[in-house]
Amino acid sequence: MRWMHYLCIMMKKYKKPLWTCILLLVYVTGMAIYFVPRNTEMSVTEKTVAIVMSYLLVVIVGGVMLIREKLRT
């Protein structure tokens, strides 16, 4: 039961946009590791562009969320 208390304290310390960015990065990385080697229909260049664009979108979404959080407070 104490671990829940520590988890709540830890969750309050970090803001929601940071957790969302981290989770999105983990998701994109997992999808890239799982799906890219199995996809034989795409060239290496297309795979690289798809991965880079995914990471770029996550960074843009995270930046927008951080800016909105700062404006809100």
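Helices (H or I, at least four residues) and strands (E, at least two) are DSSP runs, numbered from the N terminus. With that in hand, welcome to the tour. Residues are numbered from 1 along each chain as its sequence is written. What you have open is a predicted model, in which local features need pLDDT of at least 70, side-chain atom pairs count only at pLDDT 80 or more, and totals for chains, interfaces and linings use all residues; side-chain values use heavy atoms, with hydrogens and water left out.

**Stop 1: the whole chain**

Show the cartoon and you will find 3 helices and 0 strands, in the order α-α-α along the sequence. Now colour by pLDDT, the predictor's confidence in each residue, from 0 to 100. The mean for the protein is 81, and 78% of its residues reach 70 or more. Among the elements, helix α1 (residues 2–13) has the lowest mean, 57, and α3 the highest, 89.

**Stop 2: helix α2**

Select residues 16–35. Helix α2 has 20 residues and reaches 28 Å from its first C-alpha to its last, close to the 28 Å expected at 1.5 Å a residue (1.5 Å times one less than the number of residues).

Which residues of α2 are buried? Pick Pro17, Cys21, Val28 and Ala32. Buried means under 20% relative accessible area, exposed over 50%, and partly exposed in between (1.4 Å probe, protein chains only). The four cover an arc of only 40° around the axis, which puts them on the same side of α2; the arc is that of the directions from the helix axis to the C-beta atoms. An α-helix has 3.6 residues a turn, so residues three or four places apart point the same way.

Turn to the other side of α2, where Lys16, Leu23, Val26, Tyr27 and Ile33 are exposed.

**Stop 3: Pro17 and α3**

Add residues 44–72, which form α3, the helix that the buried residues of α2 pack against. Zoom in on Pro17, which belongs to α2 and has a relative accessible area of 4%. Leaving aside residues up to four places away in sequence, Pro17 touches Met65, Leu66 and Glu69 (contact means heavy atoms within 4.5 Å). Try a distance label too: the C-alpha atoms of Pro17 and Val61 are separated by 9.0 Å, though 44 residues apart along the chain.

**Stop 4: the rings**

Finally, select Tyr34 and Phe35. They form an edge-to-face aromatic pair, 4.9 Å centre to centre with 80° between the planes. Rings of Phe, Tyr and Trp (its six-membered ring) pair if their centres lie within 6.5 Å; planes under 30 degrees apart count as stacked, over 60 as edge-to-face and the rest as tilted. Tyr34 is partly exposed, at 43%, and Phe35 is partly exposed, at 46%.
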